[in-house]
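Open the model in your viewer and keep the selection panel at hand. The stops below are meant to be taken in order.

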Amino acid sequence: LVLAIRARRRSDWHKRLMLCAMVAIIGPAFGRILPMPLLGSMGGLAVLFGQMAFLLVAIGHDILTRRRIHPAYGIGAAVIIVEGMAVPLLAASAPFVALAAALAG
């Protein structure tokens, strides 16, 4: 999001980075739509694939209209993948488990 705001004068970068920011925060919505109890440990991966599907549609549009992929999608995809892998690891760490327990009770 910070990159998108800084690139607001370069509309090609701004639009694509804002789309990537939206895709990055849509994960919880996929978690509510998908049958997470049935997916078990693969639920997080299913959410990540759902997010990547949005980017693939946007990349497909770029290929059809511009005949090439804009580099902003590479940055956005990398951030989304890192986020998708880091959040479960952080959520299972002792400090975050302790914080959740303190907030819950």
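Start by selecting Cys20, Val23, Ala24, Leu48, Met52, Leu55, Ala58, Ile59, Tyr73, Ala77 and Ile80: in this predicted model, these eleven residues form the largest nonpolar core. Colour the helices next. At least two residues of this core come from each of helix H2 (11-25), helix H5 (43-66) and helix H6 (71-91). H5 gives the largest share, with five residues.

Now select Ile80 and show its surroundings. Leaving aside residues up to four places away in sequence, Ile80 touches Cys20, Val23, Ala24, Leu48, Gln51, Met52 and Leu55.

Then move to the other core. This set of five residues lies apart from the largest core, and Ala4, Trp13, Leu17 and Ala72 are among its members.

Next, isolate H6. This helix has 21 residues, and the distance from its first C-alpha to its last is 31 Å, close to the 30 Å expected at 1.5 Å a residue. Select Ala72, Tyr73, Gly76, Ala77 and Ile80, which are buried in H6. Turn the view to look down the helix axis: the buried residues of H6 fall within an arc of 135°, so they line one face of the helix.

What covers that face? Bring back the neighbouring elements: H2 and H5 are among what covers the buried residues of H6.

Finally, rotate to the face of H6 turned away from its buried side. Select Val82, Met85 and Leu89 there; these residues are exposed.

Methods:
Residues numbered from 1 in each chain as written. Predicted model: local features only at pLDDT ≥ 70, side-chain atom pairs only at ≥ 80, totals over all residues. Heavy atoms only, no water. Core = buried A, V, L, I, M, F, W, Y, C linked by side-chain atoms within 4.5 Å. Buried < 20%, exposed > 50% of the residue type's maximum accessible area, 1.4 Å probe, protein only. Helix = DSSP H or I, 4+ residues; strand = E, 2+ residues; numbered from the N terminus. Contact = heavy atoms within 4.5 Å. Expected span 1.5 Å × (residues − 1). Arc of directions from axis to C-beta.
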